[in-house]
Each structure stands twice: as C-alpha cells, then as structure tokens.
Amino acid sequence: MDVTGDGINDIISGCYVADEEREKGIAYQHVIAGKADGSFEKATPIKAADGKPLILPGINGDDRYDRSRICTHPFACDWDGDGDLDLLVGNFQGTFYLAENIGSATSPSWKSQGEWIKGGDGKLLGRGQKKISKSAPFVIDWDGDGDLDILTGSGGGGAQWAENSGTRKQPSFNSFQQLIEKPKPVRRRFFESEEEILPSNRTHLWVADINGDGVHDLLLGDSVSYWRKKEGLSKEKFNQFITYWNAEHAEITKAWRELGPKPDKKSEKYNQVSERSKKLHKKNMEHVTIESTGFVWLYLGQ
C-alpha cells in the first residue's frame with residue numbers, strides 16, 4: 001500500500017516498544033518507503049500532524065505499564081471513505097486505535113490525537129473479549145454489504161471478525177465473533193516432522209482471493225515453538241528420552257506445586273527441586289533441538 005502518496009507501494013510496521021521510548025513503554029509506527037527500483041528505504045517513524053512520532057495515547061494515560069501503547073500493528077485503509085489512507089492500529093491489549101488522515105492521498109497527515117474504536121455497546125472494541133489480545137487488524141468488506149468490517153488475529157490464536165452494522169462512513173461494530181477457531185493443541189512437545197504441527201497462537205492474517213474463485217480466502221500466520229530429535233541421535237534413544245522426560249517433567253511439576261506460590265528459596269526441598277529441574281534441562285539440550293518459528297496457513301473461502 002502507498003502510504004507516502006508517491007505512487008509506490010510501501011511497508012508499514014509497528015513494534016513492541018520504541019528504543020527511544022523504552023522507559024515510557026511506548027511503541028512507534030514505522031514506514032519502510034518503497035523506491036522506484038523495487039528496493040526500500042530504511043524504516044522511519046510515521047509522523048503525526050504535529051510533527052512528532054505517531055503514538056497511541058494509552059487508555060490509562062501515561063502509565064508505562066499500559067499495554068494499549070505497546071506491541072502495535074498498524075493497518076492502512078480508507079476508513080471514512082474520503083479517498084485517503086487512515087491508520088487503524090492494534091496493540092498488546094487487544095483494542096483498536098484510529099488515526100485519521102486529515103491531509104490527502106498524496107500528502108498524508110495523521111491526527112496526533114485519534115480515537116479508540118468502540119463497539120455498539122459503547123465499550124472499547126476488543127477490550128474484555130475473551131479471545132482477543134495482541135490485536136492485528138485487517139479492514140475489509142468481509143460480508144459484501146458495502147461497508148468495512150474488522151478482522152484480526154489474536155495472541156490466543158485463530159481469527160475473529162467484528163461486523164460493521166453501521167454504514168461505510170459511519171461505522172458501528174458488533175462484538176467480535178470467532179471466524180477460525182484455534183485447534184485444540186496436541187498435548188506434547190516433541191514432533192518428528194512439521195506435518196504433525198497444527199496452527200498455534202499469536203496470529204496475524206491477510207485476506208485475498210488466493211485461488212481466483214471470487215471468494216475471500218485467509219492467510220493466517222502464527223508463532224510456534226516445537227522440539228525435534230537432535231541430529232545424529234537414533235530414534236530408539238530419542239523415544240527412550242521422551243518417555244523419561246514426560247515422567248520426570250510430571251514429577252518436577254508436581255514438586256513445584258507442592259512448594260507453593262512463594263517457596264522458601266533457602267529450603268532444602270527448594271534446592272532439590274531446582275537441581276532436578278536443571279538436570280532435566282541439561283539432558284533436554286543433549287537430545288532435543290528447539291525450533292522457534294512460525295507457519296502460514298491457508299483457509300479457502302467457500
């Protein structure tokens with residue numbers, strides 16, 4: 001999408017927290033401007049109309065621990081139907097902040113004081129929703145009624161959508177509905193191949209007609225950590241280790257629970273459980289390779 005108004009597509013991105021604002025707990029939005037040769041400029045903070053970096057004001061004011069100001073995810077869209085691109089921004093908390101473009105399509109200027117999107121019940125959209133956290137919006141006319149709806153991924157996985165029950169220029173959103181349920185997790189850590197892995201959490205999505213049938217399809221990215229057999233280790237020894245690990249891990253977990261939420265770290269029992277945990281971790285590193293990655297899942301519309 002072209003957010004700089006020069007006719008060349010750009011990339012926009014949020015961040016967990018800006019280095020310059022780490023002490024305050026504030027994230028910036030960034031633009032990675034496209035160049036005519038297909039390459040990109042260095043990422044720079046998106047500036048608001050007041051010339052300062054565009055930030056989310058925080059639902060709780062200047063509280064540095066306000067999760068509505070961090071882990072941002074901006075999406076550019078013509079929110080109000082006036083022909084230019086506005087910014088809808090998700091965050092760690094799972095709410096949505098609108099920065100209206102009060103400039104033009106070719107000379108954008110986003111409000112320094114935007115607004116938090118509310119649902120039809122008057123409450124902040126996404127706040128308190130059991131399955132919404134780490135909102136990552138995608139704005140599109142999902143149901144084909146001529147107005148813009150909001151789709152989002154979530155920290156808990158899956159995909160949700162909030163139907164616009166208002167109009168194109170005066171939107172009003174219903175509460176989020178589950179669009180794609182997160183599959184029930186496989187209760188194990190070890191996988192022999194990637195084919196055994198199911199969609200996981202921290203999802204972001206993109207809508208497109210992938211197969212050209214005129215129906216919206218969904219691309220859903222996630223984050224996953226899985227364990228696999230260390231290279232060179234025989235399958236027999238690996239299976240023996242899995243059996244050992246499952247039993248030992250269950251015993252250690254039970255022992256930690258027995259110590260309670262505030263254990264005496266100088267007690268003999270605490271030291272015994274701690275050493276047992278360290279021993280299991282060491283053995284784990286000798287037998288297992290831990291992969292932290294993510295996958296993109298395709299859901300074809302019908």
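**Exercise 1.** Determine which residues Thr203 is in contact with, leaving aside its neighbours within four places in sequence, and whether Thr203 counts as buried or exposed.

*Solution.* The model is predicted, so that local features need pLDDT of at least 70 and side-chain atom pairs count only at pLDDT 80 or more, whereas totals for chains, interfaces and linings use all residues. Residues are numbered from 1 along each chain as its sequence is written, and side-chain values use heavy atoms, without hydrogens and water.

Step 1: locate Thr203, which belongs to strand β12, strands being DSSP runs of E with at least two residues, numbered from the N terminus.

Step 2: list the contacts (heavy atoms within 4.5 Å); Thr203 meets Ala136, Gly153, Ser154, Gly157, Gly158, Leu220, Gly221 and Asp222.

Step 3: classify Thr203, whose relative accessibility is 1%; because buried means under 20% relative accessible area, exposed over 50% and partly exposed in between (1.4 Å probe, protein chains only), Thr203 is buried.

**Exercise 2.** Identify the residues with the most contacts inside the largest nonpolar core.

*Solution.* Step 1: apply the criterion for a nonpolar core, a set of buried Ala, Val, Leu, Ile, Met, Phe, Trp, Tyr and Cys residues joined through side-chain atoms within 4.5 Å.

Step 2: in the largest such core, of 26 residues, Trp79, Ile150 and Leu151 have the most contacts. Elements giving two or more residues to this core include β4 (73-77), β9 (149-153) and β12.

Step 3: set apart another core, of 15 residues, among them Leu56, Leu87, Trp116 and Leu124.

Definitions and conventions:
Helices (H or I, at least four residues) and strands (E, at least two) are DSSP runs, numbered from the N terminus.
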